[in-house]
There are 4 protein chains.
Amino acid sequence: MPDKPVLRIGLIGTGFMGKAHVFGFASAPKVFDLPYRLELHTVADITPEAATRAAQELGFAHATADWRSMVENPEIDVIDITAPNALHKEMALAAIAAGKHVYCEKPLAPLASDAREMAEAAEAAGITTQVGFNYLCNPMLALARQMIEAGELGEIRGYRGLHAEDYMADAESPWTFRHDPAGGGALADIGSHALATAEFLLGPITEVMGDCVTMIGQRPDGKGGAHAVEVDDVGRAFVRFANGAQGSIEGNWIATGRKMQHDFEVYGTKGALAFTQERFNELHFYSTADAPGRRGFRRIEASPDHPPYGRFCVAPGHQIGFNDLKAIEVAGFIRAIAGRQPEPCNFRKGLAIQTIVETIQASAKKQKWMNVGH
Amino acid sequence: MPDKPVLRIGLIGTGFMGKAHVFGFASAPKVFDLPYRLELHTVADITPEAATRAAQELGFAHATADWRSMVENPEIDVIDITAPNALHKEMALAAIAAGKHVYCEKPLAPLASDAREMAEAAEAAGITTQVGFNYLCNPMLALARQMIEAGELGEIRGYRGLHAEDYMADAESPWTFRHDPAGGGALADIGSHALATAEFLLGPITEVMGDCVTMIGQRPDGKGGAHAVEVDDVGRAFVRFANGAQGSIEGNWIATGRKMQHDFEVYGTKGALAFTQERFNELHFYSTADAPGRRGFRRIEASPDHPPYGRFCVAPGHQIGFNDLKAIEVAGFIRAIAGRQPEPCNFRKGLAIQTIVETIQASAKKQKWMNVGH
Amino acid sequence: MPDKPVLRIGLIGTGFMGKAHVFGFASAPKVFDLPYRLELHTVADITPEAATRAAQELGFAHATADWRSMVENPEIDVIDITAPNALHKEMALAAIAAGKHVYCEKPLAPLASDAREMAEAAEAAGITTQVGFNYLCNPMLALARQMIEAGELGEIRGYRGLHAEDYMADAESPWTFRHDPAGGGALADIGSHALATAEFLLGPITEVMGDCVTMIGQRPDGKGGAHAVEVDDVGRAFVRFANGAQGSIEGNWIATGRKMQHDFEVYGTKGALAFTQERFNELHFYSTADAPGRRGFRRIEASPDHPPYGRFCVAPGHQIGFNDLKAIEVAGFIRAIAGRQPEPCNFRKGLAIQTIVETIQASAKKQKWMNVGH
Amino acid sequence: MPDKPVLRIGLIGTGFMGKAHVFGFASAPKVFDLPYRLELHTVADITPEAATRAAQELGFAHATADWRSMVENPEIDVIDITAPNALHKEMALAAIAAGKHVYCEKPLAPLASDAREMAEAAEAAGITTQVGFNYLCNPMLALARQMIEAGELGEIRGYRGLHAEDYMADAESPWTFRHDPAGGGALADIGSHALATAEFLLGPITEVMGDCVTMIGQRPDGKGGAHAVEVDDVGRAFVRFANGAQGSIEGNWIATGRKMQHDFEVYGTKGALAFTQERFNELHFYSTADAPGRRGFRRIEASPDHPPYGRFCVAPGHQIGFNDLKAIEVAGFIRAIAGRQPEPCNFRKGLAIQTIVETIQASAKKQKWMNVGH
């Protein structure tokens, strides 16, 4: 595509999310008619050897062990950060200072105050940002939002949102950065997905009453001893939305047997929706407009009627996968860079999620309802 | 069965629940080998005509419009109360005073203070009591409790319980006694079922943080005007159990599309259970003891392995229905009267549920965590 | 109900089905406003002791070890046959000769020729008959038929019907009368249910191509030896319906893990239905009349909109059970005796099912398509 | 990856399947450590303009309107054929003659005789071939086969396989090449998938009894007239497997509401499997080794325990999509070219499937059982 301008990408981090982003960069241009041609320019990892190996595996032209030099490389247009959370802020601010567009995995930063600094810097610099809340990229969530906005459910009254998994259910699973009081815990780690989905569908959450519980009080420290755990294994909240609806949210990483219980139910005056990420190519819809005796939750399967599903599969029933969600995420970001659409989930949005997380945590600690000071 | 002593029953109320009880009285002796022969002695309704018609339809030998005379009739052994909630206390106390065993529909009374008076009177009189929390009579709930007690799930950490329906979702549905601040609201009406199931499975709830929301602020008063509604349409709580587990509960009568979302999920260190009353002949069980790569929630179908299912159907897959739950409820009561087993769900238990309901309501009002003063 | 005429019942057989019928006799009058009062007059079993014990347990006034005398007792109006299949014909013909109405468990007789003799005798005598195809009594099947007849699915093109269980999957399960070449096998035993449902929904099956397979060639004979098995463990057929539709049917009693896979799918030009007896309070409906992007199989839950469900439960979601199906079956028979409705599933219908079974078996043996000579 | 040899690809056809193949070529090397570097060399389409546009969109270096010249280009190693079925043979034979490895979409050819010629030519030339039965590439099918081979289900007795969709349910959908008697019809088009899955899991099908039905006798010819349809809308068969199992297969393209009912159930002496492509990241497993009262179909979710799922997602619950199946398919082919593994689904296998399709069609026409002359 010689007629398209090029966007050169510098990636920091080569773990699972780094690879998932590369899948996205590779497939997005094949699936969508993007305004730019994407070029995998440089990948940064901790050592030169690791970086060189990653460059070969992932298809980057260059490798470096010095992310700072990469950030300042004038050939590079986009900095993609998939490094550990604690480094997001420093890296993003450096990239913003260098005038790069920044794509950052979630959570944007361990603390809302950091996230705010990042969002404000990005806005001041006028660059384009993106936070990787990939579940929002599902065509069935787009459908759900569209149905809600179009009034197909009537006035929205109630919401139940969850994100539960079991990857921390084993008490012998060792202490990691995810257990660090600065930004760790189930609510921050995956409850944040439940919050992002809730706001994506119903708009801003305005008030919360939190409940954060540590069920596994210590974990192996990896050196034969034990490390006390202070963060929540379960973080939940009662919530109020600006649109008048009320509901509840839960993040839970000790839900034995659950692998991806990112579920929601929306109840309106005329209908309802039910969804689980475990079967994310489906949306279940109940409508009071159906004839009496013929009502029921109907299982809508993802199809070309639900853009951009048709970009991936020309017929219903084929189904998209997790990496396709990443491709959709990448495409939205690239189009936003070109000014063709608003940023789908920018740093400001990442800040908003982080702010709710911290408000719920503070509410749980103070045992009182709190306003979310967006 | 001439060799069995007779238990003579007097029924007050002939609505849906009255009929369901009569189904129970009719089928329980056919299904179980009960220690008594049951005799439908007298039915009481508001007018003599209504009572006579009900006697004919339901198979009672006598009819009366004066429940008090029935309660005092020395021929009658059991008083069964299915009258409106507000009358439960007066009727039950009279029956207890007359030395009758008392079977009372849930909720035991609009207020916990009334329920306490009833429970204490019953205990002082030494008679046998029963409150109709029918969902507890499901063989799959017995299985769930047995699995939990046997340690098949390991140590229990988390619980999610719901009872959501949509029978009050229509804002044009008129004001009724269920909307009376004394004992009304979604939490008291159906959230109480979710609480009863939670305690049945995990034992006592000790602390709660409540959230009670009125979404439909007024309803037609049936006379062309509007009646303000003060009770909750949604009542939910964070909860703590005496066994160390934590979780959440929700009662909701405006959940559009939901007909019987009496669901629970239990998460332990070694396994998990998931259940919905919408498919109440099934229990879903996840075990970490299964081999890696072979784990998953397994759908256990009710079978003769799960007593007393086999009393109703000799083979799996046939399924019991709601009225069969009532038969199991009746059988438990009759055996308790004979001293063959503890009371399955007596007035003391009914009081406990009502106490949690009121503690949640008070907690919601005060916006703070409260101990459940059982 | 002194104003209603009495119908006195004589029951032969006191096994599972005998008890299920008694449940039906007990609950049907409580659920429905029947034209007769039912009286459990006499029960016949093999020995006087067994009969007396059954009378006590089941509530019959009299007991006998001589079914012939019972059949001829002028006080009795209805003979209910739940004895082994091989005895159905002799008993039914005697009852018909004595002018009794006859209620007979399925299959009507081991051979279609016997069933024909029974049906013709019943018609000549003008008495009312019933064969116990209980699954047809499900309100959701009534709904399905009504939807098909009303054209909600358009023109019907295709059908898939199953009845699979696993009660003969164990090769060590001994030889019984169900393995007798005269009337035995999976197709006759449970495939007949699949055929009954197919004809209930779509009308007559006109042509079949059968496939009957014996997978377990011998079974223990109970005396330490082995008994050769000649009947089918799996019996299936391609079918054609008089209405122009085509499809397939399967009966299977070695389907490991299946407890009640009595399933059907109906495909029409405008919609489709899917059903499984494993969740028989649900019917799944797809309609091309739904808006594009909003189509999907909707899960209709049994409710008072689906008579006679509301006779058992006044609200949706409560669910009926297997024994309730028997109550509906009884009620239909009683009303047919009173001339208030056509016989729901009479001997002629039982003959029709048996005829298809034998045609499929003959077709499988001859390896060619055959007309069903109704 | 300069250290890897290069494999240069020439693609014929740029429709849905062409694009899906390109997705596979793009993502396979990122997901797997392949023995070759893949280079998208040339794409061939009908006109130079279309080819040039496709080259740009899909990332090929060269474009041509002359597939023959491409096939003979010595720089190209692999010819990938996604052109209409009728052209497969000519193209494949030319590619084989030129010594290329050949990747061909299913069905291999409209007629088994053509397929045989292709398979024999390929084997004589010693090149590597692949037919695109993508559903076989699902990690859950690999799991199913592994479980069957390891004896986890015991001896296999029964099988039910389906592939039903509704893309031809509308009688106004016009006549296309898929309706051509040479190679068309539901059985050939999608029933072939059901056959491929059956043989993948249980091994060779040896005997069939077919039933092929045309329900829509004519379709619009696109010129205002009607074109008679002779091919089957539903093609089904009774089948026997070499391993002693028996079962049934159905292909159906008029199953209203079904989008991807590619389902199977496998019944063994010790367990069973159930699967639907509608939820293809799940496999349901019943084991008689589970304790009594704890048995049930368990829902195994795709996870890194099920290779190569972990190549795409490092954690369970994330799920792969249709295009990922294509990447797995590509990877298997590439490794087979390098001699690192047997061909997963070569021309010989494609011939086998086509042979069964034709045997079923012939059997349906002759109305008799036929051996599959592999």
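**Figure 1. C:Gln367 in the predicted model.** C:Gln367 counts as partly exposed because its relative accessibility is 39%, between the 20% and 50% cut-offs. The structure shown here and in the other views is a predicted model. C:Gln367 belongs to the loop of chain C that joins helix 10 (347-366) to strand 17 (370-371). Its phi is positive, about 55°, although C:Gln367 is not a glycine. Most residues other than glycine have a negative phi.

**Figure 2. B:Gln367, in the loop between helix 10 (347-366) and strand 17 (370-371) of chain B.** B:Gln367 is not a glycine, yet has a positive phi of about 55°. With a relative accessibility of 40%, B:Gln367 counts as partly exposed.

**Figure 3. The cis peptide bond from A:Lys106 to A:Pro107.** Omega for this bond is near -10°. A:Pro107 is placed in the loop that links strand 5 and helix 5 of chain A. Most peptide bonds are trans.

**Figure 4. The cis peptide bond from D:Pro307 to D:Pro308.** Here omega is near 0°. The loop that holds D:Pro308 runs between strand 16 (297-301) and helix 8 (309-312) of chain D.

**Figure 5. Helix 4 of chain A and its packing partners.** Helix 4 of chain A covers residues 85-97, and its end C-alpha atoms are 19 Å apart. This agrees with the 18 Å that its 13 residues should span at 1.5 Å a residue, because the expected span counts one less than the number of residues. The buried residues of the helix are A:Asn85, A:His88, A:Met91, A:Ala92, A:Ala95 and A:Ile96. Among the helices that these buried residues pack against are helix 3 (67-72), helix 5 (112-125) and helix 10 (347-366) of chain A. They also pack against strand 1 (6-12), strand 4 (78-81) and strand 5 (101-104) of chain A. A:Gly99, which follows helix 4 of chain A, has a positive phi near 80°.

**Figure 6. Residues 7-133 of chain A, an annotated domain.** An unreviewed UniProt entry annotates this span as "domain: Gfo/Idh/MocA-like oxidoreductase N-terminal". Over residues 7-133 of chain A, helix makes up 47% and strand 22%. The C-alpha atoms at the two ends of the span are 22 Å apart.

**Figure 7. Residues 143-273 of chain A, an annotated domain.** For this span the unreviewed UniProt entry gives the annotation "domain: GFO/IDH/MocA-like oxidoreductase". Residues 143-273 of chain A are 18% helix and 37% strand. The end C-alpha atoms of the span lie 11 Å apart.

**Figure 8. The contact between chain B and chain A.** Chain B gives 44 residues to the contact, and chain A gives 44 residues. About 3,200 Å² is buried between chain B and chain A, with 51% of this area from carbon and sulfur atoms. On the side of chain B, the residues that lose the most area to chain A are B:Arg157, B:Phe238 and B:Thr256, which together account for 22% of what that side buries. Six salt bridges are found across the interface of chain B and chain A. A salt bridge joins the side chains of B:Arg240 and A:Asp211, at 2.5 Å from N to O.

**Figure 9. The contact between chain C and chain A.** This contact takes 18 residues from chain C and 18 residues from chain A. The area buried between chain C and chain A is about 1,300 Å², and carbon and sulfur atoms give 42% of it. In chain C, the most area is lost to chain A by C:Gly293, C:Arg294 and C:Arg298, together 48% of what that side buries. Four salt bridges cross the interface of chain C and chain A. In a salt bridge between C:Arg294 and A:Glu152, the closest N and O atoms are 2.8 Å apart.

**Figure 10. The axis that relates chain C to chain A.** Chain C superposes on chain A (RMSD 0.0 Å) by a rotation of 180° with 0.0 Å of shift along the axis. This is the relation of a two-fold axis. Within chain C, the C-alpha of C:Arg298 is the nearest to the axis, 1.7 Å from it. The copies meet through the same surface, because 100% of the interface residues of chain C are also interface residues in chain A.

Note on methods: Residues are numbered from 1 along each chain as its sequence is written. Chains are lettered from A and ligands numbered from 1 in the order in which they are written. This is a predicted model: local features need pLDDT of at least 70, side-chain atom pairs count only at pLDDT 80 or more; totals for chains, interfaces and linings use all residues. Side-chain values use heavy atoms; hydrogens and water are left out. Helices (H or I, at least four residues) and strands (E, at least two) are DSSP runs, numbered from the N terminus. Buried means under 20% relative accessible area, exposed over 50%, partly exposed in between (1.4 Å probe, protein chains only). Contact means heavy atoms within 4.5 Å. Copies are superposed by least squares on the C-alpha atoms of residues with pLDDT of at least 70 in both. UniProt positions are given in the numbering used here, feature names are shortened, and annotations may be inferred rather than shown by experiment. Buried area is the accessible area (1.4 Å probe) that two parts lose on being put together, summed over both.
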